[in-house]
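Notebook open, viewer open. I want to go through the strands and the helix packing and jot down what I find.

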Amino acid sequence: MSILPQKNELGFYEIRLESIGGLGANLAGKMLAEAGVTGSGLNGSNFSSYGSEKKGSPVKSFVRFCDPDVEIRDHSPIEQPHVVGVFHEALYTTVDVISGLRPGGTVLVNTARELSEVAADLNMTQGTLAAIDALRISVEEKTKVNTAMLGALFRICSFLNPDDMRQVIRKTFEKKLPHLVEANLRTFDRGYNEVQFLSLENDAELMDQAAFVRPQPILGYETQERGGILKVTANSVLKDLSSSRQGYLPEYKQENCISCAACDTVCPDFCIVWEQKPDKRDNLQMFMKGIDYQYCKGCLKCVEACPTSALSAMLEEPYYAQQHRVPQSFPYLTAEGVKS
């Protein structure tokens, strides 16, 4: 039987996975709990919390472990985890992913950026920060980021046996998707071996003083906008769809573009930006100006439709979308909202 390195007041070691729909955090939580229970002899439980199951929507998955003689009767969301796994960096802007992290806890982030940059973004000053480029690994192995994240989580949770997880991976995939078994095993092993760590300053006095404060809803009867207006909604022009992308972006090369509009015809989110200017004969025509990556979810339908080499699939790099975004123009909008 494995020995848990830490326990809360109820005897639990708790893990919270922060993700978005489509990245496989729900399945990752189930597999993680199964490996701990069937392989390491621990008691464990897992459940997830999500809304409309829409790709790109926030998802949380919770895993509790405890000794075999401890009964799990707490099935509430995990508010003070020992470990947090963040499956997508876009969550930083809308979700406090490290909320309630216990003093000395560990945060694992799927990122290709420097650990010091990530720590600054998270405003993380104590504990351990771990990073794994799960997106790159999953693209190279043709799998999903969840298996790479599981590999890194098993490196963090050293009380768990990686061989138990390998058995769970085989059991999970061999019946319905046998051709993906070996690829997922490779992805798991790479996540386990390639994860990097940054130990932050752990001030014992500061850790003792840290008290958990339960986050309150941002909007309530005292804080809601007049008229019940929701400023950020699913179909708003303010919506950022970057969290839906899973590795690839269309790369635009203007010199090869013939402005045929084939890409605009198939784009489901109106990402293609146009401008009117004179052609060689001085006649006004519409020319493709670029792509508004804020609304691009990486479906690559435009790449398939492009008759030239103006659009091609590229592996998304940090900051590329922000630096190459051509914003859409919405003349009926102001900084305060819609014009009357």
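I started with the pairing of strand β1 (residues 13–20) and strand β4 (residues 83–86), which is parallel and runs over 4 bridges. To fix the register I looked up Ile15, and it stands opposite Val83 in β4. Note to self: this is a predicted model.

Next I zoomed out to the sheet. What is the strand order? I read it as β2-β3-β1-β4-β5-β6-β7, an open sheet of 7 strands with mixed pairing. The edges are β2 (43–50) and β7 (196–199), each of which pairs on one side only. I also pulled the twist, and it averages 15 degrees from one strand to the next. A reminder for the margin: strands of a sheet pair through backbone hydrogen bonds, either parallel or antiparallel.

Then I checked what sits on the sheet. Helix α1 lies across β1, β2 and β3 (58–66), and its direction is at about 5 degrees to β3.

While I was on β2 and β3, I searched for aromatic pairs and got 5 in the structure. The one I wrote down is Phe47 with Phe62, a tilted pair at 5.1 Å centre to centre with 40 degrees between the planes. Why bother with this one? Phe47 belongs to strand β2 and Phe62 to strand β3, so the pair ties together parts that are 15 residues apart in sequence.

On to helix against helix. I took α1 (residues 25–38) with α5 before the others: they pack at an angle of about 125 degrees, and their axes are 9 Å apart. Roughly antiparallel would need over 145 degrees, and α1 and α5 are therefore oblique to each other. I logged the handedness too: α1 passes α5 in a right-handed crossing. Which residues touch? From α1 I have Leu27, Met31, Glu34 and Ala35, and they meet Asp164, Met165, Val168, Ile169, Lys171, Thr172 and Phe173 in α5. Sorted by class, this contact of α1 with α5 has 7 nonpolar, 1 polar and 3 charged residues.

Now the other partner of α5 that I looked up. Helix α5 (residues 162–173) and helix α6 (residues 181–194) have axes that come within 9 Å and cross at roughly 155 degrees. That makes α5 roughly antiparallel to α6. This crossing is right-handed as well. On the α5 side I listed Pro162, Met165, Arg166, Ile169, Arg170 and Phe173, which meet Val181, Glu182, Asn184, Leu185, Phe188, Asp189 and Tyr192 in α6. My tally for the contact of α5 with α6 is 8 nonpolar, 1 polar and 4 charged residues. Met165, Ile169 and Phe173 turn up in the α1 list and in the α6 list.

Last entry: α3 with α6. The axes of helix α3 (residues 134–141) and α6 come within 10 Å, crossing at roughly 150 degrees. That makes α3 roughly antiparallel to α6, and the crossing is right-handed. In α3 I noted Arg136, Ile137, Glu140 and Glu141, which meet Ala183, Arg186, Thr187, Arg190, Gly191 and Glu194 in α6. How does this contact split by class? I get 2 nonpolar, 2 polar and 6 charged residues for α3 with α6. For the contact of α5 with α6 I had 8 nonpolar and 4 charged, so I put the two tallies side by side on the page.

Definitions and conventions
Residues are numbered from 1 along each chain as its sequence is written. This is a predicted model: local features need pLDDT of at least 70, side-chain atom pairs count only at pLDDT 80 or more; totals for chains, interfaces and linings use all residues. Side-chain values use heavy atoms; hydrogens and water are left out. Axes are lines fitted to C-alpha atoms, for helices over the stretch in contact, and angles run from 0 to 180 degrees between N-to-C directions. Helices (H or I, at least four residues) and strands (E, at least two) are DSSP runs, numbered from the N terminus. Angles under 35 degrees count as roughly parallel, over 145 as roughly antiparallel, 65 to 115 as roughly perpendicular and the rest as oblique. A crossing is left-handed if the near helix is turned anticlockwise from the far one by less than a right angle, and right-handed if clockwise. Contact means heavy atoms within 4.5 Å. Ala, Val, Leu, Ile, Met, Phe, Trp, Tyr, Cys and Pro count as nonpolar, Asp, Glu, Lys and Arg as charged, and the others, Gly among them, as polar. Two strands pair if DSSP finds at least two bridges between them. Rings of Phe, Tyr and Trp (its six-membered ring) pair if their centres lie within 6.5 Å; planes under 30 degrees apart count as stacked, over 60 as edge-to-face and the rest as tilted.
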